[in-house]
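Here is a short report for a first look at this structure. Keep the sequence and the 3D view side by side as you read.

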Amino acid sequence: LRIVKYLRDHEINTILDIGANDGGYASSLYAAGYEGRILSFEPLPGAWRMLSERAKRTHPNWQVVASMALSYYDGKASFNVARNSVSSSLLAMTSTHREASPGSDSDTVIEVDMRRLDSVVQEYGEIYPAFLKIDVQGAEKYVLDGAMHSLKTSIVGQVQAFDMHNIIESIGYTLWDIQPGFRHNQSLKLLQFDGIYFRERTDLNRRLD
């Protein structure tokens, strides 16, 4: 509900849903009252099929892009498929993650199509202003490196993992909110969280004041 409010306040009508898996994030936004456009990206074939079916029956503004991973180059890449699907990643699973969530270990490696976000979004018309959601299990910087033009011209959105903070702040974004996510199941140490960033807009600030 908070994110839907932020989107309304910032007059955002397009969401780039990177690492959509089976569509849980997008469907929760529509359930919370969001009515705009969502472009979902997912490289895992099984998850992509479920995502596509979910989008068709959920909302006419939800569009699923051809199956691909987003990174810093266009081509092919090896993709680690986790047993629980949602922990799948371009990166290998760390021992800390395996210990915290035993069902998340990777048991298969597949080849996937790889694209830069900058080279993809041009195919989908005008997207400004767009909100960027990234959930790619540690490969966030790869996505950002392939999206720098879009970040500077079209996107006013979100990245996951606070270690990306300096990169995002350096190109004109302000940290708006932090949402706790995945914790170690024994120590309860916070292992993942969502950082939500927006580019400041003078006219918006006046309206919110």
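## A tyrosine pair

This is a predicted model. Start with Y72. Its relative accessibility is 43%, so Y72 counts as partly exposed. The window for that class lies between the 20% and 50% cut-offs. Y142 is also partly exposed, at a relative accessible area of 31%.

By the ring-centre rule, the structure has seven aromatic pairs. Y72 and Y142 form one of them: their ring centres are 5.2 Å apart. Their planes meet at 70 degrees, so the pair is edge-to-face. That label applies to planes over 60 degrees apart. The two tyrosines come from distant parts of the chain, 70 residues apart. Y72 is in the loop between β4 (69-70) and β5 (75-82). Y142 is in helix α6, residues 140-145.

## A buried phenylalanine pair

F131 and F198 make another aromatic pair. Their centres are 5.7 Å apart, with 35 degrees between the planes, and the pair is tilted. Are these two residues buried or exposed? F131 has 0% relative accessibility and counts as buried. F198 also has 0% and is buried.

This pair, too, links distant parts of the chain. F131 lies in strand β7, and F198 lies in strand β10 (residues 193-199), 67 residues away. Both rings belong to one aromatic cluster, together with Y6 and W176.

## The sheet around β7

Strand β7 leads to an open sheet of four strands. Which order do the strands take? The order is β3-β2-β1-β7, and the pairing is parallel. The edge strands are β3 (62-64) and β7 (130-134), each paired on one side only. Neighbouring strands are turned by 15 degrees against each other on average, direction ignored.

Look next at the link between β1 and β7. Strand β1 covers residues 14-18, and five bridges join β1 to β7. The two strands run parallel. I15 has F131 as its bridge partner in β7. F131 is thus a residue to revisit: F131 also pairs with F198.

## Helices across the sheet

Helix α2 (residues 24-31) lies across β1, β2 (37-41), β3 and β7. Helix α2 runs at about 165 degrees to β2. Helix α3 (residues 45-58) lies across β2 and β3. Its direction is about 155 degrees to β3.

## A charge over a ring

One last contact involves K133 and Y25. The charged end of K133 sits over the ring of Y25, 5.1 Å from the ring centre.

Terms used
Residues are numbered from 1 along each chain as its sequence is written. This is a predicted model: local features need pLDDT of at least 70, side-chain atom pairs count only at pLDDT 80 or more; totals for chains, interfaces and linings use all residues. Side-chain values use heavy atoms; hydrogens and water are left out. Two strands pair if DSSP finds at least two bridges between them. Axes are lines fitted to C-alpha atoms, for helices over the stretch in contact, and angles run from 0 to 180 degrees between N-to-C directions. Contact means heavy atoms within 4.5 Å. Rings of Phe, Tyr and Trp (its six-membered ring) pair if their centres lie within 6.5 Å; planes under 30 degrees apart count as stacked, over 60 as edge-to-face and the rest as tilted. Buried means under 20% relative accessible area, exposed over 50%, partly exposed in between (1.4 Å probe, protein chains only). A charge sits over a ring if NZ of Lys or CZ of Arg is within 6 Å of the ring centre and within 35 degrees of the ring normal.
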